[in-house]
Amino acid sequence: MVGGLDQGLGEGVNAPEIRKEVCRAYSGFADEYVSATHSYEPFPGLEDELRTFASDLPGSRFLDLGCGSGRDGLLLAKLGFDVVFADFSLPMLHHGPGSARARWLVCCDVLGLPFCEGAFSGVLLSGVLLHLPRSQCRDALVGVRKILDGRGRVLMSMKRGTGEGWRVAGSIPKRRWFSYYAPDEFAEICESARLVIDRVTVSDREDWFTVTAGRYDI
Ligand SMILES: C[S@@+](CC[C@H](N)C(=O)[O-])C[C@H]1O[C@@H](n2cnc3c(N)ncnc32)[C@H](O)[C@@H]1O
């Protein structure tokens with residue numbers, strides 16, 4: 001075991017199978033995950049980060065992608081945004097934003113987004129892309145860029161480090177896939193997907209960092 005990871009991406013490991021297993025892990029413990037993450041209390045600074053991001057978005061159409069409990073999208077809905085909640089785990093949508101009677105719930109994978117080009121002014125990907133094998137990260141970012149409107153922006157939270165592999169951590173007692181990046185390295189992948197970086201911030205919260213980027217093609 002290297003750097004807390006149980007297993008690297010070896011020969012023959014199948015990226016779609018990884019996503020299926022991650023989805024099963026979240027789906028099997030959706031109730032527990034929602035209870036552990038629905039409030040901002042255990043995550044100092046997170047609410048302010050989100051409010052700051054939301055304060056200068058160019059419009060009101062917002063996607064909380066990989067929404068989990070829906071904590072962040074629900075805050076934005078209270079602030080007046082039209083929020084779509086999306087997650088590839090149906091139980092997560094049910095226990096999270098669904099139980100708060102959120103209006104728009106979409107079950108989808110970040111690698112196959114069922115939205116029109118330019119559909120959103122803002123997209124949040126908090127703790128989501130870190131569950132993709134590194135080889136799939138750029139493709140996901142290309143898809144996210146496409147659904148932003150010309151002046152739209154995305155906020156992404158990722159974990160600092162190196163390598164990728166299976167790990168059992170936090171409130172989910174099943175292994176999940178984690179891919180770690182240096183902040184500059186992740187910013188470069190965003191740029192290779194033609195996103196324009198606004199800001200890279202190393203957070204005070206554990207090993208998190210955030211990247212804000214825009215489409216900026218009008
Ligand atoms: C670490 S949780 C973060 C939840 C929420 N964004 C938050 O910050 O509390 C990751 C969420 O992303 C979802 N997810 C992971 N990989 C995904 C994928 N490929 N497509 C869509 N959702 C995904 C999981 O089901 C889970 O709800």
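## Sorting the residues

Let's start with some vocabulary: Ala, Val, Leu, Ile, Met, Phe, Trp, Tyr, Cys and Pro count as nonpolar, while Asp, Glu, Lys and Arg count as charged, and the others, Gly among them, count as polar. With that in hand, the shell around the ligand breaks down into 9 nonpolar, 6 polar and 5 charged residues. Keep in mind that what you see above is a predicted model.

## Who surrounds the ligand?

There are 20 residues around the ligand, and the ones that come nearest are Y26, G66, D87, V110 and S126. Two helices are worth finding in the picture: α1, covering 15-28, and α4, covering 71-78, each give at least two residues to this shell.

## Contacts to look for

Try picking out three pairs of atoms. A nitrogen atom of the ligand has a backbone N or O atom of S126 2.9 Å away. At R71, look at the side chain instead: one of its N or O atoms is 3.1 Å from an oxygen atom of the ligand. Then there's G68, where a backbone N or O atom sits 3.5 Å from a ligand oxygen atom.

How much of the ligand does the protein cover? On its own, the ligand has 590 Å² of accessible area, and the protein covers 95% of that.

## The largest pocket

Where does the ligand sit? You'll find the ligand in the largest pocket, which has a volume of about 970 Å³. This pocket is lined by 43 residues, and Y26, Y33, S126, G127 and W208 are the closest to its centre. Sorted by class, the lining has 21 nonpolar, 10 polar and 12 charged residues.

Quite a list of elements helps build that lining. The helices α1, α2 (30-37) and α4 each supply at least two residues, and so do the strands β1 (61-65), β2 (82-87), β5 (148-159), β6 (164-169) and β7 (172-179).

## The second largest pocket

Now for the runner-up: the second largest pocket holds about 190 Å³ of space. Its lining is made up of E49, T52, F53, D56, R153, L155, R199, T201, T210 and T212. In terms of class, that's 2 nonpolar, 4 polar and 4 charged residues.

Which element gives the largest share of this lining? That's α3, with 3 residues. Here α3 (46-55), β5, β8 (196-202) and β9 (208-214) each supply at least two residues. You've met β5 already, since this strand also supplies at least two residues to the lining of the largest pocket.

Key: Residues are numbered from 1 along each chain as its sequence is written. This is a predicted model: local features need pLDDT of at least 70, side-chain atom pairs count only at pLDDT 80 or more; totals for chains, interfaces and linings use all residues. Side-chain values use heavy atoms; hydrogens and water are left out. A residue is near a molecule or strand if one of its heavy atoms lies within 4 Å of it. A polar contact is a pair of N or O atoms within 3.5 Å; within protein, one must be able to donate a hydrogen and the other to accept it, and residues adjacent in sequence count only if both atoms are side-chain atoms. Accessible areas come from the Shrake-Rupley method with a 1.4 Å probe; for residues, only the protein chains shown count as cover. On a 1 Å grid over the protein atoms alone, a cavity is a set of points where a 1.4 Å probe fits but cannot get out, and a pocket is an open set with protein on both sides within 12 Å along at least five of seven lines; lining residues have an atom within 4 Å of a point. A molecule sits in a cavity or pocket if more than half of its atoms lie within 2 Å of its grid points. Helices (H or I, at least four residues) and strands (E, at least two) are DSSP runs, numbered from the N terminus. Grid points are joined across faces, edges and corners, and a volume is the space filled by probe spheres set on the points.
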